[in-house]
Amino acid sequence: MIERELSLKDCFMKALTKEILAGDIKAGTSIPSIRDLSSKHNVSRSVIANGLKELQEAGLLIQDKQNHYIVKDFNRFDRIELMLYYLNFQNENLTTAESKAILEVKSALDCLAIDLIGNSLTVADYLRLKNILTPEVDYSSPCYSHTLALAYESFMREFYLLANNLILNLFLKSFYNVTLSMIEKYCKEAKENSMFKASMEMLDALYNHDLDLAKQKIKERFYYSN
């Protein structure tokens, strides 16, 4: 029987997704009928049907001509919806390698933002961004890492707006929950000093029109030990 911490539908989706990602239900395999799933998880058929529809929309399942749900070979067919669903599902369970890969992609987009901003950073923007990077934080609070993560995401949002690029802003919005969780975890590991310090130095370099140094500093924000 599935846990009922979330809504019944979300609990069912989480349980089935776990089976699929673990390989218990192989790609190309039909999943049990709605009737059987309803009995197995002790929830109504409508809950099962709605959950399966959402998993199909996320790209985890497909339907054949007989309307049977089949596990999609998502390693062969990539969709942004599936990637986001997977990342949000894994979230705290992302491996170091997965987290590092995501942050490397983010750093590449941040470098693109630096190129787009170029030499147009004004004094007002420079001071405003610097202020965001110096949040008042109570380190004795159990929520301090969340406060730091929110401050940093606010900084990146304002930084991307200066780049005036729709794709960058869409990326930031789409990956918000994932990156926020990763940065919060990063801060919990007492690495926020390197992150904020490197970002400050990036701003200084950008303000002084040294784009190469700015890109170097943006890449120094995150590090992981083996």
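## What covers helix α2

In this predicted model, the cover over the buried residues of α2 includes α1 (8-21) and α3 (45-58). Helix α2 itself spans residues 34-41, and its buried residues are Leu37, Ser38 and His41. Those residues take up an arc of only 105° around the axis, so they sit on the same side of α2. The general helix geometry fits that picture: an α-helix has 3.6 residues a turn, so residues three or four places apart point the same way. Turn to the face of α2 that points away from the buried side, and you find the exposed residues Arg35 and Ser39.

Ser38, part of helix α2, is worth a closer look. Its relative accessibility is 12%, and the cut-off for buried is under 20%, so Ser38 counts as buried. Which residues does Ser38 touch, leaving aside its neighbours within four places in sequence? They are Val43, Ser44, Arg45 and Ile48. Of the helices that help cover the buried residues of α2, α3 runs over residues 45-58, and Arg45 and Ile48 are among the contacts of Ser38.

## Positive phi, three times over

As background, most residues other than glycine have a negative phi. Asn42, just after α2, goes the other way with a positive phi of about 60°.

Asn67 is another case: its phi is near 65°, a positive value in a residue other than glycine. You'll find Asn67 in the loop between β1 (61-63) and β2 (69-71). With a relative accessible area of 54%, against a cut-off of over 50%, Asn67 is exposed. Then there's His209, which isn't a glycine either but has a positive phi of about 65°. His209 belongs to the loop between α10 (192-207) and α11 (211-219). Its relative accessible area is 47%, which makes His209 partly exposed.

## Helix α7 against α6

Two packed helices are described by the angle between their axes and the distance between the axes. For helix α6 (residues 123-132) and helix α7 (residues 144-163), that comes to an angle of about 160° and axes 9 Å apart. Angles over 145 degrees count as roughly antiparallel, and α6 and α7 are therefore roughly antiparallel to each other. The crossing of α6 past α7 is left-handed.

Who makes the contact? On the α6 side it's Asp125, Arg128, Leu129 and Ile132, and on the α7 side Ala151, Ser154, Phe155, Glu158, Phe159 and Leu162. Sorted by class, the contact of α6 with α7 has six nonpolar residues, one polar and three charged.

## Helix α7 against α9

The other pairing here sets α7 against helix α9 (residues 176-188), at an angle of about 130° and with axes 8 Å apart. That angle makes α7 oblique to α9. The crossing of α7 and α9 is right-handed, whereas α6 passes α7 in a left-handed crossing.

From α7, the contact uses Tyr144, Ser145, His146, Leu148, Ala149, Leu150, Tyr152 and Glu153. From α9, the residues are Tyr176, Thr179, Leu180, Ile183, Glu184, Cys187 and Lys188. The class split for the contact of α7 with α9 is nine nonpolar, three polar and three charged.

## Ala163 in α7

Ala163 is also part of helix α7, a helix that covers residues 144-163. Is Ala163 buried or exposed? At a relative accessible area of 7%, Ala163 is buried. Leaving aside its neighbours within four places in sequence, Ala163 is in contact with Ala113, Leu116, Ile117 and Leu168. One more pair to look at is Ala163 and Leu121: they're 42 residues apart in sequence, and the C-alpha to C-alpha distance is 9.7 Å.

## The chain as a whole

Zooming out, the secondary structure of the chain amounts to eleven helices and two strands. Reading from the N terminus, the elements go α-α-α-β-β-α-α-α-α-α-α-α-α.

How much of the chain is buried? Of its 226 residues, 42% are buried. As for contacts with a separation of 6 or more, 68% of them join residues 24 or more positions apart.

How values were computed: Residues numbered from 1 in each chain as written. Predicted model: local features only at pLDDT ≥ 70, side-chain atom pairs only at ≥ 80, totals over all residues. Heavy atoms only, no water. Axes fitted to C-alpha atoms, helices over the stretch in contact; angles between N-to-C directions. Helix = DSSP H or I, 4+ residues; strand = E, 2+ residues; numbered from the N terminus. Parallel < 35°, antiparallel > 145°, perpendicular 65-115°, else oblique. Left-handed = near helix turned anticlockwise from the far one by under 90°. Contact = heavy atoms within 4.5 Å. Nonpolar A, V, L, I, M, F, W, Y, C, P; charged D, E, K, R; others polar. Buried < 20%, exposed > 50% of the residue type's maximum accessible area, 1.4 Å probe, protein only. Arc of directions from axis to C-beta.
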